[in-house]
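User: I am new to this structure. Please take a close look at one part of it, the aromatic cluster and the core around it.

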Amino acid sequence: PRRKITPAGTPAALQFVVRPSPYHSSRLYTLSPQPVLEVVDNTGYVVSSSGTAGSVTVSISPTPSASENTTVTLQSWIAAFVGLSFKGTVGTTYTLTFSYLGLAATATVSMTSCPSSTDLVSSITPSTASTSASTTIRVQGWNYGTSPNSLLRCKFNGQVYPASYVDLCTLTCTLPSGLSPSAGPLQVSADGGSVYSGSLQLSVVGTVSSFSVSWSQVNYTAASTVVLSPLVVSFVDSAGNLA
């Protein structure tokens, strides 16, 4: 069979320099990061020929209820989208097809719904960590998709720990073993540690060192019988945290 040979310097493929996040919020219509594509020749290098390059256009399937800035003019064979946005349905995965003169590149984006809070931390699971083993905390909040892993941080009791991006609304923080029993807010930064946000309490608990018994009511049911109600037995570690 014949094989078509594309001369060097002639457009042969459209490829991503920056892909959009695979998750998109129903509250944040503008894609982040904004996609950037380049036109390359058959050797994989950006086309270097002069002349009018044209435009790259994106089509979205299934069709969203609204979209903006879906076409951008190539500059030096680079298509850098600005303000590309669309409004879709939560739970739907959309296919974005970027096209230029018969060349195409695709990306998939799933529409998700972040918590209603605009805080970086709206929930943490679990809310306790162990002194004897590392603990991965799942943090839900808002708009993590604009921050690469290198800028995400978690802070607990003054110590900073790396965070890992899961999706636009979720990240994870891993606390190491060996922490002392303590309690305090788990905070998150999305700008490399300049500003932290979050007030939800996290407790680090160890092994049981003691217990306490409490009650709020005493009833005498017979001359030799006393009923304590309700009877609460609490097991605590050396710092007084519930174990």
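Analyst: What follows starts with the rings and then moves outward to the core and the strands.

This is a predicted model, where local features need pLDDT of at least 70, side-chain atom pairs count only at pLDDT 80 or more, and totals for chains, interfaces and linings use all residues. Residues are numbered from 1 along each chain as its sequence is written, and side-chain values use heavy atoms, with hydrogens and water left out.

Start with the rings. The whole structure holds 4 aromatic pairs. Rings of Phe, Tyr and Trp (its six-membered ring) pair if their centres lie within 6.5 Å; planes under 30 degrees apart are stacked, over 60 edge-to-face, and the rest tilted. Phe16 and Phe98 make one edge-to-face pair, with 5.4 Å centre to centre and 85 degrees between the planes. This pair links distant parts of the chain: Phe16 sits in strand β1 (residues 13-18) and Phe98 in strand β9 (residues 93-100), 82 residues apart. Strands here are DSSP runs (E, at least two residues), numbered from the N terminus.

Both rings belong to buried residues. Buried means under 20% relative accessible area, exposed over 50%, and partly exposed in between (1.4 Å probe, protein chains only). Phe16 has a relative accessible area of 17%. For Phe98 the value is 0%. Phe98 has a second partner, Phe81: the ring centres are 5.4 Å apart and the planes stand at 70 degrees, so this pair is edge-to-face. Phe81 lies in the loop between β7 (78-80) and β8 (85-87), 17 residues from Phe98. Phe81 is buried too. Ring pairs thus join Phe16, Phe81 and Phe98 into a cluster.

Now the core. A nonpolar core is a set of buried Ala, Val, Leu, Ile, Met, Phe, Trp, Tyr and Cys residues joined through side-chain atoms within 4.5 Å. The largest one has 26 residues, and Leu14, Val56, Leu96, Phe98 and Tyr100 touch the most other members. Two or more residues come from each of β1, β3 (36-40), β4 (55-61), β9 and β10 (103-112). The most come from β10, with 5 residues. In general, nonpolar side chains tend to be buried together in soluble globular proteins.

Take Val56 as an example. Contact means heavy atoms within 4.5 Å. Leaving aside neighbours within four places in sequence, Val56 is in contact with ten residues' worth of surroundings, including Leu14, Phe81, Phe98 and Tyr100. Another core lies apart from this one, with 21 residues, among them Ala129, Leu171, Cys173 and Ala190.Next, the strand that carries Val56. Side chains alternate along β4. Val56, Val58 and Ile60 point to one face and are buried, while Ser55, Thr57, Ser59 and Ser61 point to the other and are not.

Which strands pair with β4? Two strands pair if DSSP finds at least two bridges between them. β4 and β6 (residues 71-73) pair in the antiparallel sense over 3 bridges. There, Thr57 stands opposite Thr71. β4 and β9 are also antiparallel, joined by 5 bridges. Here Val58 stands opposite Phe98, a member of the ring cluster.

Finally, β1 takes part in an open sheet of 3 strands, in the order β1-β3-β7, with antiparallel pairing. β1 and β7 are its edge strands, each pairing on one side only. Between β3 and β7 there are 3 bridges. Glu38 has Ile78 of β7 as its bridge partner.

Key. Helix = DSSP H or I, 4+ residues; strand = E, 2+ residues; numbered from the N terminus.
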